[in-house]
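Subject: Handing over a structure

Dear colleague,

I am passing on the structure below, together with some notes that I hope will help you find your way around it.

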Amino acid sequence: MAVARLAAVAAWVPYRSWGWAAAPVGPHRGLGALLALIPQRAPRWLPAYRQKTSLSFLNRPDLPNLAYKKLKGKSPGIVFIPGYLSYMNGTKALAIEEFCKSLGHACIRFDYSGVGSSDGNSEESTLGKWRKDVLSIIDDLADGPQILVGSSLGGWLMLHAAIARPEKVVALIGVATAADTLVTKFNQLPVELKKEVEMKGVWSMPSKYSEEGVYNVQYSFIKEAEHHCLLHSPIPVNCPIRLLHGMKDDIVPWHTSMQVADRVLSTDVDVILRKHSDHRMKEKADIQLLVYTIDDLIDKLSTIVN
């Protein structure tokens, strides 16, 4: 890695004890090599989030228009795929954009249809529709090869995007990847409760991350999502994959990331566990790990190309 790039990475976040462990699957250069190069220096934290990218809309015939913000720059670009009903202005999305800006790489963040500033009705959303949203972003907005960063349910969708666009998706980073999780959790409910949800049409799923204390998930969303489950068979994704997960995650068990690592065909896979992180993985050290992971993949892919 060039000295200038290394300095840019080191300047971003404090060099400190992280409390994470990597479980590599396959022989390749991992994060350890990068971390060994980071100099011990006076800690500095993330720069202020200044949103210089303007809000734009992707017009799609017969489909809701998608709100997005695009930062132009070098390849590979980064596409951030948010979690369930999450907006493009979350902590991780903004941090990734600022980091890409510091390195001069392209970055896209967006809202799903029915969410945030995008058109559509959230009650009519399905995983299949959001899959189409992700593919629209990749097909119509992203230039050249892309690294997808998927958070929670976005991690599920990034796998689908990699399957559908293998020529354009060159690497994946999952943060608390929620592959099949919504369907799995619903199927684990008592029969009586499942019947009640079917009758009401809504599952009030308890969550400490919602202001209301629950996420109201449409029954139709769950049933449609059953058609997009991946963990029941090998997942035909062959690009480098990094799966970050907090062991204190009470929404998506960290074992799910291990299942994904086992199911994907790629041999270049790391599962990186943070012992004290929760589902959101938005603390300083979590963001530090995320941006280092992005930088490491950019460096790896640049080395392959050159």
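The notes start with the whole chain and then turn to a helix and a pocket.

Please keep in mind that this is a predicted model, in which local features need pLDDT of at least 70 and side-chain atom pairs count only at pLDDT 80 or more, while totals for chains, interfaces and linings use all residues. Residues are numbered from 1 along each chain as its sequence is written, and side-chain values use heavy atoms, with hydrogens and water left out.

The chain has 10 helices and 11 strands, which are DSSP runs (H or I, at least four residues, for helices; E, at least two, for strands) numbered from the N terminus. Of its 306 residues, 54% count as buried, meaning under 20% relative accessible area with a 1.4 Å probe, protein chains only.

In helix α9 (residues 255-263), the residues Thr256, Ser257, Val260 and Ala261 are buried. They lie on the same side of α9, because they cover an arc of only 145 degrees around the axis, taken from the directions from the helix axis to the C-beta atoms. Among the elements that cover them are α5 (153-164) and β10 (241-246).

The lining of the largest pocket (lining residues have an atom within 4 Å of a point on a 1 Å grid where a 1.4 Å probe fits, in an open set with protein on both sides within 12 Å along at least five of seven lines) is made up of 35 residues, of which Tyr84, Ser86, Tyr209, Tyr215 and His279 lie nearest the centre. Elements that give two or more residues to this lining are α3 (91-103), α6, β8 (202-206) and β9 (214-218).

Best wishes

Terms used: Buried means under 20% relative accessible area, exposed over 50%, partly exposed in between (1.4 Å probe, protein chains only). Contact means heavy atoms within 4.5 Å.
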